[in-house]
Amino acid sequence: MALTTKQQVWLEAYLRTWNATEAGRVAGYAFPNVEGPKNLVNPSLAAAIQEHIASIMPAGEVLQRLADIARGS
């Protein structure tokens, strides 16, 4: 499902701040403290967030780096 313009603005703001309420303010929601966090469970937005996270660094690499840090490597 395609995102609305407001959802796209929210997504971009969320990916910058990692704060759903602040992203709701930026997107212009009337009740950002309700509508912003509600977007986190929207299937289309949740998938877009997961896609973005996966594109940054795969989970296996994250675990490997954490293990290296824990070992002092």
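**A five-helix predicted model**

Modeller: The protein has five helices and zero strands (helices are DSSP runs of H or I of at least four residues, strands are runs of E of at least two, and both are numbered from the N terminus). This is a predicted model, in which local features need pLDDT of at least 70 and side-chain atom pairs count only at pLDDT 80 or more, whereas totals for chains, interfaces and linings use all residues. Residues are numbered from 1 along each chain as its sequence is written, and side-chain values use heavy atoms, with hydrogens and water left out.

Colleague: What radius of gyration does the protein have, against that of a compact globule of 73 residues?

Modeller: The C-alpha trace spans about 50 × 25 × 15 Å along its principal axes. The radius of gyration is taken over C-alpha atoms, and the globule rule is 2.2 Å times the number of residues to the power 0.38. A compact globule of 73 residues would come near 11 Å, but the value for this protein is 15 Å.

Colleague: What percentage of the 73 residues count as buried?

Modeller: A residue is buried under 20% relative accessible area, exposed over 50% and partly exposed in between (1.4 Å probe, protein chains only). Of the 73 residues of the protein, the buried share is 26%.

Colleague: Which helix supplies the largest share of the largest nonpolar core?

Modeller: A nonpolar core is a set of buried Ala, Val, Leu, Ile, Met, Phe, Trp, Tyr and Cys residues joined through side-chain atoms within 4.5 Å. The largest one has 11 residues, including Trp10, Tyr14, Ala23, Tyr29 and Ile49. Helices α1, α2 and α4 (43–56) each supply at least two of its residues. The largest share, four residues, comes from α1.

Colleague: Why do the buried residues of α2 lie on the same side of that helix?

Modeller: In α2 (residues 20–27), the buried residues are Ala20, Thr21, Ala23, Gly24 and Ala27. They are on the same side of α2 because the arc they cover around the axis, taken from the directions from the helix axis to the C-beta atoms, is only 160°.

Colleague: Which helices are included in what covers the buried residues of α2?

Modeller: Contact here means heavy atoms within 4.5 Å. Not counting residues up to four places away in sequence, Ala27 touches Lys6, Val9 and Trp10. The cover over the buried residues of α2 includes α1 (5–17) and α3 (32–38).

Colleague: Is valine 26 buried or partly exposed, and at what relative accessible area?

Modeller: Valine 26 has its place in helix α2. With residues up to four places away in sequence left out, Val26 touches Val9, Ala13 and Arg16. Val26 is nevertheless partly exposed, at a relative accessible area of 43%.

Colleague: Which residue meets arginine 25 in a salt bridge?

Modeller: A salt bridge places a side-chain nitrogen of Lys or Arg within 4 Å of a carboxyl oxygen of Asp or Glu, and the whole structure contains two. The partner of Arg25 also lies in helix α2, three residues apart, about one turn of the helix. At 3.1 Å, N to O, that partner is glutamate 22.

Colleague: What is the N to O distance in the salt bridge of glutamate 61 and arginine 65?

Modeller: Both residues lie in helix α5 (residues 59–71), four residues apart. Glu61 is partly exposed at 31%, and Arg65 is partly exposed at 45%. Their side chains meet with an N to O distance of 2.7 Å.
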